Amino acid sequence: MFVTLSRNQLKWIAIWTMVIDHIGYMFVSQHRMPVLYFLLRGIGRLSFPLICFLLVQGFQYTHSRGRYLARLWCFALISEIPYDLAFSGVGADWSRQNVFFTLGIGLTVLWGMTEAEKRLGGVQRYAADILILSAGMGMAVLLRCDYSMWGVLMITAFYVCRYDFGKLLRLFPVICLCQSWMEAGAILALVLVKFYSPDQEQGRTRMPRGFFYWFYPIHLLVLWGIYKWIC
């Protein structure tokens with residue numbers, strides 16, 4: 001019998017690997033404790049690909065893409081001050097934006113591509129897809145979003161390759177390694193994605209509504225508070 005993972009289980013893995021990553025970034029010195037630093041950050045590389053995969057799943061099955069997109073942009077604004085405090089030490093830092101901005105842009109790209117699928121065919125459709133994706137990647141660079149254009153490209157890859165895991169297996173490592181050698185650990189997230197089964201959702205206790213969204217800004221505030229207290 002094969003091990004399978006539910007959506008909720010992937011959410012919990014994404015949450016705790018994210019926390020481990022942020023602990024490594026905020027509390028462990030890369031120069032004094034390089035082994036521990038890279039171990040924690042390496043574990044943390046699993047989080048974002050899982051969140052991208054879950055975003056694509058949500059996009060496919062949500063009852064309202066408009067509300068889904070609005071929720072992402074709302075939490076992008078809610079999370080910005082906690083993000084800036086945790087990673088820059090100030091309440092407003094426009095040099096970098098939190099991951100919800102990346103997710104919001106990524107979801108907008110997916111929506112645009114699905115609309116192009118409905119309205120266009122052949123070469124026109126592919127040209128529209130390239131234009132929409134390029135605009136999304138450019139916006140991520142312009143806004144200096146977390147994971148930049150590579151985050152948007154990763155979200156798109158999960159969507160485009162949703163029915164072809166072999167193609168994803170070839171494309172995904174290239175996206176990770178083009179971003180940074182540290183993102184090599186993110187490739188292991190494909191193992192968890194491979195074990196995902198929507199059938200596992202039945203009979204499972206679901207994560208409280210909104211928890212997945214609220215956890216991000218709240219855990220950043222908690223970590224920042226701890227950092228200020230002990231440092």
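The following dialogue shows how to read several features of a predicted model.

Trainee: Where should one begin, and how many helices and strands are there in the protein chain?

Mentor: One begins with the secondary structure. In this predicted model, the protein chain has ten helices and zero strands. Read from the N terminus, the order of elements is α-α-α-α-α-α-α-α-α-α. The radius of gyration is 18 Å, close to the 17 Å that the globule rule gives for 231 residues, so the chain is as compact as a globular protein of that length. Along the principal axes, the C-alpha atoms fill a box of roughly 60 × 45 × 35 Å.

Trainee: What percentage of the contacts in the protein chain with a separation of 6 or more is accounted for by residues 24 or more positions apart?

Mentor: For this one compares positions in the sequence with contacts in space. Here, residues 24 or more positions apart account for 71% of the contacts with a separation of 6 or more. Burial is a further feature to read: buried residues make up 45% of the 231 residues.

Trainee: What does the accessible surface of the protein chain come to, and how much of it belongs to carbon and sulfur atoms?

Mentor: The accessible surface comes to about 12,500 Å², and 66% of this belongs to carbon and sulfur atoms. Charge is read separately. The chain carries 21 positive and 12 negative side chains, and the centres of the two sets lie 4 Å apart.

Trainee: I should like to study a single residue. Which residues is Phe 87 in contact with, leaving aside its neighbours within four places in sequence?

Mentor: One first places the residue in an element, then considers its burial, and then lists its partners. Phe 87 belongs to helix α4. The cut-off for buried is under 20% relative accessible area, and Phe 87 counts as buried because its relative accessibility is 14%. Apart from neighbours within four places in sequence, Phe 87 is in contact with His 22, Tyr 25, Arg 96 and Leu 220.

Trainee: Is His 22 buried or exposed?

Mentor: His 22 is buried, with a relative accessible area of 8%. This residue is placed in helix α1, which spans residues 7-27. With neighbours within four places in sequence left aside, the contacts of His 22 are Phe 87, Tyr 216, His 219, Leu 220 and Leu 223. Leu 220 is thus listed for His 22 and also for Phe 87.

Trainee: What separates the C-alpha atoms of Phe 87 and Thr 62?

Mentor: These two residues are 25 residues apart along the chain, and their C-alpha atoms are separated by 32 Å. Thr 62 is found in the loop between α3 and α4 and is partly exposed, at 26% relative accessible area.

Trainee: Which backbone nitrogen does the side chain of Thr 62 reach?

Mentor: To read such a feature, one names both atoms and gives their distance. The side chain of Thr 62 reaches the backbone nitrogen of Ser 64 at 3.3 Å. Ser 64 lies in the loop between α3 (47-61) and α4 (65-88), and is buried at 17% relative accessible area. A polar atom of the side chain of Ser 64, in turn, lies 3.2 Å from the backbone nitrogen of Arg 67.

Trainee: Where is Arg 144 placed, and what is its phi?

Mentor: Here one reads the backbone angle together with the residue type. Arg 144 is in the loop between α6 (122-143) and α7 (148-160). Its phi is positive, about 60°, although Arg 144 is not a glycine. Tyr 147 is also found in the loop between α6 and α7, and its phi is near 75°, a positive value in a residue other than glycine. Tyr 147 is buried, with a relative accessible area of 13%.

Methods. Residues are numbered from 1 along each chain as its sequence is written. This is a predicted model: local features need pLDDT of at least 70, side-chain atom pairs count only at pLDDT 80 or more; totals for chains, interfaces and linings use all residues. Side-chain values use heavy atoms; hydrogens and water are left out. Helices (H or I, at least four residues) and strands (E, at least two) are DSSP runs, numbered from the N terminus. The radius of gyration is taken over C-alpha atoms; the globule rule is 2.2 Å times the number of residues to the power 0.38. Buried means under 20% relative accessible area, exposed over 50%, partly exposed in between (1.4 Å probe, protein chains only). Contact means heavy atoms within 4.5 Å. Accessible areas come from the Shrake-Rupley method with a 1.4 Å probe; for residues, only the protein chains shown count as cover. Lys and Arg count as positive and Asp and Glu as negative; His and the chain ends are not counted. The place of a charge is taken as NZ of Lys, CZ of Arg, CG of Asp or CD of Glu. A polar contact is a pair of N or O atoms within 3.5 Å; within protein, one must be able to donate a hydrogen and the other to accept it, and residues adjacent in sequence count only if both atoms are side-chain atoms.
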